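Trainee: Could you take me closely through one part of this model, the place where the small molecule is bound? I would like a connected account rather than a list.

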Amino acid sequence: MTHTITVIPGDGIGAEVIPAAVAALEALDLPLAFQHAEAGFGTFERGGEALPAATIAACAASDAVLFGATGSPMTRVPGYRSPILVLRRRFDLYANLRPALGVGIDLLVVRENTEGLYSGRERLEDGGATAIAERVITARASERIARIACEAAQRRRGRLTVVHKANVLKETCGLFRRAALEVAAGYPDLAVDELLIDAAAMWLARDPGRFDVIVTTNLFGDILSDLAAGMAGGLGLAASANVGDGRLALFEPVHGSAPDIAGQGTADPRAAILSAALLLDHLGYAAEGERLRRAAYATPHTGDTGATARAVIAALGEAAP
Ligand code: IPM
Ligand code: MN
């Protein structure tokens, strides 16, 4: 059976690293069919739409999406919504899985991916002198993300840390905390603890080895996963999987479009390649996923996107079991 993969390079270095990841997947000789689709700020500027209906249809008709990055402007651009945020919600990809692996660190951030401060409920009052953001937390989303985290912890080292700020955000984080701890109580084989987000950041910087699986809300997970990536050797190696209960899953490097280095051919393609490895795991090609992962970790980034990608592909032969 052939698996259809929708490839969305997007903006900035997305367009440089995603072809490298596709080349690595092609080198494995699996029954994968690639279809290319457009999204991002460039797409928006050209056609007035950041995420064209054709792209959504392509995603809906595929088994997985390999996504590069899209620009996210710092100010409101009328009509523009970040395609990655729309895709996560559109396909209910409620779990964002972000592994961080390096010297002294081997953890997985499980980030809630559909609500929290990403609910899009922001408004101005007082003629613009007051800005308000609503942080939506539901029992349903908290429970299902906790379940994903517990199952991941069972497959890993059996430790789960629930991260929140329930001492201040008594209702929203209070609900998340209760729901997550309650779900975790149904997994008696796990060692479960909880940390406030500030303390979690401190312990992550000081002793990352104490963590196995971290489960947390959307924005906290966004921040902690970058911190974990920084501890594990940088964003050049940070991959992620966006998954839900449906067939479709989306895989993307954590690094974003990096406009400061875009167009130079210097971006590290390994985060995109490692995201492709997660994609292979998801499609049931765990052995090939592991082979690709080993090759990527065994290959240093030379500073040239194409050269590093070719070296990873060359290393695939050596990484064969
Ligand atoms: C990420 C990114 C996105 C996010 C941006 C680009 C909207 O930072 O995937 O971590 O905040 O989720
Ligand atoms: Mn981020």
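Mentor: A polar contact is a pair of N or O atoms within 3.5 Å. With that cut-off in hand, and bearing in mind that this is a predicted model, we can begin at aspartate 222, where an N or O atom of the side chain is 2.9 Å from an oxygen atom of ligand 1. Two arginines also reach the ligand: a polar side-chain atom of arginine 88 lies 2.8 Å from an oxygen atom of ligand 1, and for arginine 111 the distance from a polar side-chain atom to an oxygen atom of the ligand is 2.8 Å. On its own, ligand 1 has 320 Å² of accessible area, and the protein covers 79% of this.

The residues that surround ligand 1 are Ser72, Leu85, Arg88, Arg98, Arg111, Tyr118, Asp222 and Glu252, and sorted by class this shell holds 5 charged, 2 nonpolar and 1 polar residues. As for the place itself, ligand 1 sits in the largest pocket.

To set the site within the whole protein, consider its division into domain 1 (1-91 + 246-321) and domain 2 (99-237), whose C-alpha centres lie 24 Å apart. Where these domains meet, 11 residues from domain 1 and 12 residues from domain 2 take part in the contact. The shell around ligand 1 draws on both domains, with at least three residues coming from each.

Definitions and conventions
Residues numbered from 1 in each chain as written. Chains lettered and ligands numbered in written order. Predicted model: local features only at pLDDT ≥ 70, side-chain atom pairs only at ≥ 80, totals over all residues. Heavy atoms only, no water. Near = heavy atom within 4 Å. Polar contact = N/O pair within 3.5 Å; in protein donor to acceptor, adjacent residues only side chain to side chain. Areas by Shrake-Rupley, 256 points an atom, 1.4 Å probe, with all protein chains shown as cover. 1 Å grid on protein atoms, 1.4 Å probe; cavity = no way out; pocket = protein on both sides within 12 Å on 5 of 7 lines; lining within 4 Å. Sits in = over half its atoms within 2 Å of the grid points. Nonpolar A, V, L, I, M, F, W, Y, C, P; charged D, E, K, R; others polar. Domains from an automatic or database assignment. Contact = heavy atoms within 4.5 Å.
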